[in-house]
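Reader: Could you take me through the ligand site in this one, slowly and residue by residue? Once that's done, I'd be glad to hear about anything else in the fold or backbone that deserves a look.

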Amino acid sequence: MSKVKTSSNSGKRKLKIGSSPNGKSHPAGGGELHQIAGGEHPALTTNQGLELSDNQNSLRANPRGPTLLEDFILREKITHFDHERIPERIVHARATGAHGYFELTASLEKYTTARILTEVGEKTPLFTRISTVAGGAGSVDTPRDVRGFAVKFYTKEGNWDLVGNNIPVFFIQDAIKFPDLIHAVKMEPDRGFPQSATAHDTFWDFISLTPESMHTVMWIMSDRTIPRSLRMIEGFGVHSFRLVNKAGESTFVKFHWRPKLGLQSTVWDEAVKIAGADQDYHRRDMFEAIAAGNFPEWEFAVQLFTQEQADSFPFDHLDSTKLIPEELVPLKVIGRMVLDRWPDNFFAETEQVAFCPSHVVPGIDFSNDPLLQGRLFSYLDTQLSRLGSANFHQIPVNAPKCPFANQQRDGHMQMAQPAGRVAYEPNTLSGNSPRETPKGFHSATVTETGEKGRIRAESFADHYSQARQFYLSQSAYEQAHIASALVFELSKVEHLHIREAMVGHLRHIEKDLAQRVAAGLGFDKMPDAPKAAAPVQKMEPSPALQIIGKMKDTLVGRAVGILIADGSDGATIKKIKKAAINAGAGVKIIAPRVGGAKLADGSMLAADGQLAGTPSVLFDAIAVILSEKGAKALSMESAAIDFVRDAFGHLKAIAIDQGGQTLLNSANVGQDAGVVDADDKDAFIAAAKTRQWEREKSVRTLA
Ligand code: HDE
């Protein structure tokens, strides 16, 4: 019989494990119950607190007879299980979330009253959720896609949600087009595919009919949408917001996150293969980094500008398809965000967190960006349908950490129990019920005039100038990646007229780009360019828009894989491993067998990963340390051949000893500056800190 004890001080009922939970019935499957040895466990109960004596068998009329409707325990458990899922987000369903803090390093007191932006040194707790956009909650981490970058700051003056993306511009100018955009990018409704991909007809059909998308199209075809790690992406608030100071004066602001580890992306072939090797690549990376104490960190920066400055820009800052080049309005770094705590429970926190761009604090206000204005409505509405109750703010991850009180009452799943007779404001019957206060939120004083109507401002008509600026700002390698991505995506589009229409738009962006894509698609003649609504302006290139220019030569936060087999030289492995760790990398030993390999000196070296399940796409650089015999054996293994061939094809540094060279020869992998002798650890570390861009022309044909 179970021994049930009531602990006198905690009041919790504890069950001593070690005996059968039920003297009479058989455990599940007729086998032995797996029991964790020893320990005091709380008694398992129903949701009403009823202790259970048997969690293995439902109530039956006889041992082989029907199950009884009377079994309220079975019904409670199954009913709860049946309702475990809630509607997933229409967009941004797949995500990784973490807790952390924001620390202000420079005050914006001149511009805002928001305490989070004026109290230098204060640490504000926050929750950050980074997502893909198009795929469902169970989709892979590495499709070509925009990454959502949403931060909920639990400030002393209420929650502030900065719900941005890793790309500073958006596809559309007006919120009314959002459902069309999303329906176009999601799985096609008749066939239910493709999941999490833009490479299909409906997406490009919509885009080809939406010239305002062209700037964002340049960004999504760049390697920004295939990041190496969520710790290596930038974040942008996208819209212009307002900061409002004590005097009630407002200044426009754009918000930026810049990763401490620098920007880094994968190459397309690598991203595709990672999707097969580890569907949770980005989530796992974040989890492991936080668990190891390597807390992901970003700088927080602002671009501040006045109405007068805005009037002089050659674009309209209220148009979300435009960015403000850093060369025009420099970034001012004012703080940092550190993510230092993984959630206790994925569903409770990462799934139930509810962001709304309308969650602001006194001193922060909105601009008239029509996309932002639409979002101010959409997110609250979404949370009501997704979380099912107007009380979603009571869920712990959503609740403010400062006091909050009002006269809103009741509703589904009300958790609060307000006492007293009064549920309205103002009143004379209660001395301590909440009242409005002068220090509360004031909307910025803005004069609005003009004609009401469904009008797109003239100043929103320029669709190509910044797309062109983005393309021309890229390094030659990055331009080639953009052209190749366009060829890849459009090659998946069945309708010729859509492909032609897209190349027509590219002609306005840059002739060379249009020609490369047209050649890649096998066009004999150039399609016509559509009529542009406004002339394409000449804008200075902005190097800040590159990835390669913003990569840091570093191994910090990166991973090195060392492939070994029986007979490998232990001293060389040790030397490479030490050098990589000293440079800040995580190192994994990969061997053909799970247990590891017997080294030349007879000792065993444990493996962190088995070769077939740990391909080189999971590393930033590799070393191949093999005996001749080991190399010969691995030359027959396709996983080993792929290991070195992919590392080479993905432009990674490779350190080899003589056996490693034998494997490279069998795999037909060539020599270049990124393939180095394992004895020269410094050369290996230097090469491993970057990618071998020069190699690219020898491994693939780019558009
Ligand atoms: Fe969103 N967006 N969005 N969006 N968005 C949602 O809200 C919407 C837009 C962004 O991790 C939804 O809670 C409209 C721009 C992020 O939970 C939904 C429009 C930007 C997230 C919604 C936009 C974003 C969302 C779906 C056009 C970058 C994930 C679930 C007016 C600045 C937040 C939800 C998280 C999520 C609507 C455009 C970023 C449906 C109507 C522009 C990061 O409410």
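Author: What follows starts at the ligand and then moves out to the sheet and a few backbone oddities. Keep in mind that this is a predicted model.

Let's begin with the metal. The ligand carries an iron atom, and its only protein donor is Tyr379, through OH, at 1.8 Å. That tyrosine belongs to helix α9, which covers residues 370-387. Donors here are N, O and S atoms within 2.8 Å of the metal, and water is not among the atoms, so the site may look incomplete. In other words, take "only protein donor" just as it stands for Tyr379.

Now widen the view a little. There are 23 residues around the ligand, and the ones that come nearest are Arg89, Arg129, Tyr379, Thr382 and Gln383. Three of these also put a polar side-chain atom by a ligand oxygen. For Arg129, a polar side-chain atom lies 2.6 Å from an oxygen atom of the ligand. With Arg89, the distance from a side-chain N or O atom to a ligand oxygen is 2.7 Å. Thr382 does likewise, with a side-chain N or O atom 2.9 Å from an oxygen atom of the ligand.

Which elements build the shell, then? Two or more residues each come from β6 (147-155), β7 (158-165) and α9. The largest share belongs to α9, with 6 residues, and α9 is also the helix that holds Tyr379. Sorted by class, the shell has 11 nonpolar, 9 polar and 3 charged residues. As for the space that the ligand takes up, that is the second largest pocket.

Leaving the ligand, have a look at the sheet further along the chain. Here 6 strands make an open sheet with parallel pairing, in the order β18-β15-β14-β19-β20-β21. The edges are β18 (609-610) and β21 (675-677); each has a single partner strand, so one side of each is left without a neighbour in the sheet. If you want one pairing to zoom in on, try β14 (residues 559-563) and β19 (residues 621-624), which run parallel and are joined by 4 bridges. One place to check is Ile562, whose bridge partner in β19 is Ala623.

Last, the backbone. Two cis peptide bonds are worth clicking on. One runs from Phe193 to Pro194, with omega near 0°, and Pro194 sits in the loop between α2 (178-185) and α3 (201-208). That loop between α2 and α3 also holds Ser196, a residue other than glycine with a positive phi, near 60°. The other cis bond links Glu425 to Pro426, again with omega near 0°; Pro426 is in the loop between α9 and α10 (465-473).

His92 has a positive phi too, near 60°, and is likewise a residue other than glycine. You'll find His92 in the loop between α1 (72-82) and β4 (95-104).

Notes. Residues are numbered from 1 along each chain as its sequence is written. This is a predicted model: local features need pLDDT of at least 70, side-chain atom pairs count only at pLDDT 80 or more; totals for chains, interfaces and linings use all residues. Side-chain values use heavy atoms; hydrogens and water are left out. Donors are N, O and S atoms within 2.8 Å of the metal (3.2 Å for Na, K and Ca); water is not among the atoms, so sites may look incomplete. A residue is near a molecule or strand if one of its heavy atoms lies within 4 Å of it. A polar contact is a pair of N or O atoms within 3.5 Å; within protein, one must be able to donate a hydrogen and the other to accept it, and residues adjacent in sequence count only if both atoms are side-chain atoms. On a 1 Å grid over the protein atoms alone, a cavity is a set of points where a 1.4 Å probe fits but cannot get out, and a pocket is an open set with protein on both sides within 12 Å along at least five of seven lines; lining residues have an atom within 4 Å of a point. A molecule sits in a cavity or pocket if more than half of its atoms lie within 2 Å of its grid points. Ala, Val, Leu, Ile, Met, Phe, Trp, Tyr, Cys and Pro count as nonpolar, Asp, Glu, Lys and Arg as charged, and the others, Gly among them, as polar. Two strands pair if DSSP finds at least two bridges between them.
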